[in-house]
Each structure stands twice: as structure tokens, then as C-alpha cells.
Amino acid sequence: MFPLSHMLKAFVRTGTLKVIDADGKAHLFIGTPEPRVTMRLTDRSLYHKLFLNPELHAGEAYMDGRMSFEEGSTLRDFLMLFSLNRSTLANYPLQSVLKRISRGVKRFQQANPVGKAEQHVAHHYDLGNDFYRLFLDEGMQYSCAYFVHEDDTLEEAQRNKLRLLASKLQLKPGLKVLDIGSGWGDLALYLAAMEDVDVTGVTLSKEQHALSNEKARQAGLSHRVRFEMLDYRKLEGRFDRIVSVGMFEHVGVHHYGEFFSKINALLNDDGLMVLHSIGKMSPPGTASPWLRKYIFPGAYSPALSEVFPVVEQNSLWVTDLEFLRLHYAKTLNHWHRRFEANRDRIRDMYDERFCRMFEFYLISAESMFLTGSQLVFHMQLARRRDAAPIVRDYITDLQRHYRLQEAERLKILQPAEIRSESVPAK
């Protein structure tokens, strides 16, 4: 099984990995007793492929069924073991060289000019609304939830997230709000339901655009909430508030100057912006080659050291910064459980290879928030230092206020048939 066996001897420092090769021979790599994983490889070409690019070819081998797990171990066990030993893999001489080469070309890996960005978004977000309904919450929010309590449901945690963001935006009647990367519209609709504000959402996904406008129409909010199929770089005018959730990961490091320059141009002098994004606590690196190829082309989760300099260069104040450290791991776990509960239906919509691909994505992402360097940050930005209150108690106070208001004000966001059933018969 050379040269893979040579790398695995250096790789496994935490846990025990048993590999059954294509000839049925078992190879044992022991670091510590737990966790224990037994992996079977049925393709001899994997000995070299995994040696040269383990992150790419492990995912592909699982998708194709050339890698499987036995003796009670699962893909989740393997990805946890992989994540726990990631640093030793990075220090393996060949992998260290390949990482340096990858960092040198990441400008091209993360190229997202106008036009190409739309293609990248369509690759993932236009898989079909019916598919996403099978594992997301009722509002179809495809970003990190906020678990105030350990036993919060996914729906409750996503509502908590909307409430937290709204509180940081300091909404007031009559304000113009921009939502960059508006998804399926739940955030924009929440803001308009809780305050008398005018909201424009922009997305590059055809599926999201159509459903968001339909949801606004059904809620009777079309006069104050609209969604446009538009690249944010083509926007004109000024806004009092800007919010962006889960979109910054698709910008690309070499487009950060363009992004924050546009934010400065779109934001009123006394305005506020809240940026919700995946980041990491480690130094700058590159995106997983498997994730880049199969899930999010052109995407990258930045180190904060890559964000702050560009914010400074564009004369923006960071008026608040908060980190959600384990919340995305919990979110992804909910998504995976719902995905597995609907796996047969998803297989009928696509095929088994697609199911394995998405399973690999959800579990590997969860492991990175549990044992890797990933986190989510909320960065509040302004053109003026006093645009937000100088004591952040207001965020907590407004969350309490909105929580009290939600039961009544969010009725309009329920589907029409549910609203009609809640009206007593006369």
C-alpha cells in the first residue's frame, strides 16, 4: 500500500486507523486507542491518489464507493479522526510543499468576477428548493443558527439568529435596508415584520429569487420588501442599514477591497452594516480542494488577519465583533440528521453518489467547527465611530424586545393556509 502507508504512519497521532487494502490485507496505524476507525479501499490507484491529495481523493473515493467503513465505524468517525490529525498531515513534507503551491495560486481559485460569481452560486444554490426544504428549517435559512439554549430546535435557533442580527442593526421606522446575499428571504421578511423598514435583497440564485418574492407577496410585504437578481457590485444608491449573511465566504480574498469599497459607497454616513461570515482562528490558508470542486466553487473562509487590513484601508469602523464558535457545528448536525431522515427521497431526486457527496460535505463541515479552526463572526461596521451606541447592552435589550413582539408580528410570515386556520370561525 506504499506510498500511502508511509504517510499514514506519520499522520495518525490521535486515534487508531485500520486500513484494509484492495487485496484484503489489513494495515494498522496506531496513535492512541480512541477513536478507532476501520476503512476499506477497493481501488489500488488510491494508494497514490490519497498520498498526493488526500482531501480531494478521500471525498471522491467515498462518493464512488471505493472507500467504505467497517467494524462499526462510520464516515463521521473517519472525518473526526482526520480532523484531529489534520496538523500532522499538514507537516508531512509532500503535503507541506503542496499547500505552499496551493496558497500561491489561490487568487485563481477564488476568482469571482461579475458573471462568474453567478455561475458559482448556481452550482450549489440552484439545486432546487424542494431539495433544500428536506433538511433546512421552515424558513429555509442556509447559514449558522444561534443556540441560546442547549435544547433549542433548529427553527428556534434560526429565529434566535434573526433576532440577534436585527438587534445589531438598530432598526428604526423608515430606514432603507439592504440584504446582500438574501437567500430565501427569511431575514429580510423578519426585519420588515418587526419594524416599519424598507428592505431590498439581492441574490444571484434564480431559485432563491423566485421563492423570496413569492414569500413577500404571500406575507403582504411586497410594498416594503423586494428581491432582485443582481450582483451587489451593480447596486446604486445609499442605504441606512446593510446586512450580509453567509455571502462573504463567496467573495474571495482578492475581491475584499472591492467588497468593502462598495459597502462604504452604499452606506449612509450614519449607517450600520452587520457582516455574518464563516472565518477561522488560524493563519491564512486555502479552501479544501474537494469542497471547492464539488460544493462551493470559488469559496473561501478567511482568517481575520485577511479581513481587518481591508476594512482599515476602506475607512470603516469596526463598532462590534462577536464570535459564534460552536453554533455552526450544532446547526450542521441538525441539517445532517434531517438529511439522513429524508435520504431515500433525496436519492430519488438525484442518486446515491449525490447523497454520499452531500453527506461528506455536512459531516466534514461539522467536524471543522468541532475540532478544526472554523468559526463564525459578526462584524458590525460603520462610517462613523458613534453610529452605534457605545455600550453594547442595546443588543441584549433589543433581543428581549423583539422576542416579546414576535408572536404577534410574525403571524404574517406563516403560510396563508396556516394563518386562515388560526382565525376563529364566526
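**Two crossing helices and a buried glutamate**

Q: What makes the crossing of H3 and H18 right-handed?
A: H3 passes H18 in a right-handed crossing: the near helix is turned clockwise from the far one by less than a right angle, whereas anticlockwise would be left-handed. This is a predicted model, where local features need pLDDT of at least 70, side-chain atom pairs count only at pLDDT 80 or more, and totals for chains, interfaces and linings use all residues. Residues are numbered from 1 along each chain as its sequence is written, and side-chain values use heavy atoms, leaving out hydrogens and water.

Q: Which residues make the contact between H3 and H18?
A: With contact meaning heavy atoms within 4.5 Å, H3 brings Ala58, Gly59, Tyr62, Met63 and Asp64, and H18 brings Arg353, Arg356, Met357, Glu359 and Phe360. They divide into 5 nonpolar, 1 polar and 4 charged (Ala, Val, Leu, Ile, Met, Phe, Trp, Tyr, Cys and Pro count as nonpolar, Asp, Glu, Lys and Arg as charged, the others, Gly among them, as polar).

Q: Why is Glu306 called buried?
A: Buried means under 20% relative accessible area, exposed over 50%, partly exposed in between (1.4 Å probe, protein chains only). Glu306 has 11% relative accessibility, so Glu306 counts as buried. In the whole chain, buried residues make up 56% of the 426 residues.

Q: What joins the side chains of Glu306 and Tyr300?
A: A polar contact of 2.7 Å does. The term asks for a pair of N or O atoms within 3.5 Å; within protein, one must be able to donate a hydrogen and the other to accept it, and residues adjacent in sequence count only if both atoms are side-chain atoms.

Methods. Helices (H or I, at least four residues) and strands (E, at least two) are DSSP runs, numbered from the N terminus.
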